[in-house]
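Student: Got a minute to go through this one with me? I'd like to start with helix lengths.

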Amino acid sequence: MTNWIPDLTGSGPLYQRLADSIEADIDRGVIGAGAKLPPQRDLAYDIGATVGTVGRAYQLLRERGLVSGEVGRGTYVLGDSTGVTKEAPDTSVEGTRSVDAPKDKLRFDSTAAPDIGQGAIVADVLSRAAQDHPHEISSYTRDFPDRWYEAGARWLSRNAFRPTTDTIVPTLGTHAAVMAAIAALTTPGDYVAFEHLTYSQISRSAGLIGRRTALVASDDEGLDPADFERVCAQKHPKMIFLIPTAQNPTLVTLSPTRREAIARVAREYNVILIEDDLYGHLTDDPTPLLAEFAPERTIIAGGLSKSVAAGLRGGWLSCPPAYRHRIRVAHKMMTGGMPFLLAEVNARLVLSGQAGEIRKRSIAEISARMSIVRESLAGFSFKSHDKVPFVWLTLPDPWLSGTFKNACLEHGVLIDDEDEFKAGRSERVFHGVRFGVSQPRRREDIAGGVAVIRRLLDEGRAGYDSFS
């Protein structure tokens, strides 16, 4: 390498800033796989530091799995068999979905709550809220009434987990809740850990505000605590984002043993746990929440989008009280603040019991649709849950995930390939696709869309002409 000088701006020890700068340049491709880093003595002279400082930085890079070094040969950037730097982040912010969904296609790419007539209920609550609070609607919301916190505490309660109102932050949906927590409790350059497959819009959003992604391996039982510990030791993430119950997209539910092990590792390495329980609220799964194993460091987020109405943007998080003010301020800074009308409607729905009734009806509709799926796809490998509105389908050979998605699109059905759920650049290939069953309005549409999927699976690649 010639004429390369690291950017050492920022705070923290010099050796850490040097390691972070080198890693950032590896991620951006400035330093390619196989490149030799400058000799420690030369780099120390160039940046005005001691050889020991450079040595500590190189050692930190080795711990992060980014470089290897041999006495007499130097320090080299590692790469995989394709020459791509290991765990370099995906800089895409859009994912594999179009910003605007193609028209006249069956929307199997959404898991929003099904339309079971809740619009009439919402309209009534909306009208009453507007009549009762005309002044609050005309202004910005700066004072949150106690009922908003009570609604959040009630909605997030599940199994033995019962948050108190002094832990609650009302938010514009679960996504906004998670991002407010990340913005409030980490700083640019910090790592946030994710599974290879997850709700990747969080990792992409975190990237937009300067956070870096660390990938943690999973297996058939969910996130691997041993690999989580390895990532903690090497990359020192400040947070990890998890969906412990009915994980999106794999539908895995972590066992109590795994949750306990994850809590232990998080406590040892001082990592904050973010628990997304959106789908957990649909399942009635009795497994203790992750928040019950590590209440002092777990932030739990949930909302109304999957079970009541996604258009209401209703969400809440529960966090250790010491974090609450910072997260609330961060949420305001990132979203512009809570609109009174939405927050009031959401609270009224929950406190009146109407949200709970809508959830029951949504679950019944989802269960009926999942029966259609199971009958139609009998004989193929897929994971599903009676009360969760999506399916994780393992594709038979020779189908590839992206090719199958394109084939479905050609036949009028929008689904998601596995890349939509990759939190970063991953060398793992899963040969899977996810499709949801809650967005189409009629069960007949579900049957028709799943029939398309079944026909393509039966025909194999020979039944798909990508040149047509």
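Tutor: Sure. The expected span of a helix is 1.5 Å times one less than its number of residues. Bear in mind that this is a predicted model.

Student: OK, so what should α15 span, and how far apart are its end C-alpha atoms?

Tutor: With 23 residues at 1.5 Å each, α15 should span 33 Å, and its end C-alpha atoms are 34 Å apart, so the two agree.

Student: Which residues of α15 are buried?

Tutor: Among them are A355, I358, R359, S362, I363, E365 and I366. An α-helix has 3.6 residues a turn, so residues three or four places apart point the same way.

Student: Switching to the largest nonpolar core: which residues touch the most other members?

Tutor: W155, L304, V308, L312, W316, L349 and V350, out of 28 residues in that core. Helices α4, α6, α14 and α15 each supply at least two of its residues. There's also a second, separate core of 27 residues, which includes A177 and I243.

Student: What is W155 in contact with, beyond its neighbours within four places in sequence?

Tutor: Its contacts include H281, L304, V308, W316, V350, A355 and R359.

Student: New topic: how many cavities of 30 Å³ or more are there?

Tutor: Two. The second largest holds about 50 Å³, and its lining includes W148, P170, W316, M338 and N346.

Student: Which element gives the largest share of that lining?

Tutor: α14, with three residues. By type, the lining has seven nonpolar residues, four polar and no charged.

Conventions. Residues are numbered from 1 along each chain as its sequence is written. This is a predicted model: local features need pLDDT of at least 70, side-chain atom pairs count only at pLDDT 80 or more; totals for chains, interfaces and linings use all residues. Side-chain values use heavy atoms; hydrogens and water are left out. A nonpolar core is a set of buried Ala, Val, Leu, Ile, Met, Phe, Trp, Tyr and Cys residues joined through side-chain atoms within 4.5 Å. Buried means under 20% relative accessible area, exposed over 50%, partly exposed in between (1.4 Å probe, protein chains only). Helices (H or I, at least four residues) and strands (E, at least two) are DSSP runs, numbered from the N terminus. Contact means heavy atoms within 4.5 Å. On a 1 Å grid over the protein atoms alone, a cavity is a set of points where a 1.4 Å probe fits but cannot get out, and a pocket is an open set with protein on both sides within 12 Å along at least five of seven lines; lining residues have an atom within 4 Å of a point. Grid points are joined across faces, edges and corners, and a volume is the space filled by probe spheres set on the points. Ala, Val, Leu, Ile, Met, Phe, Trp, Tyr, Cys and Pro count as nonpolar, Asp, Glu, Lys and Arg as charged, and the others, Gly among them, as polar.
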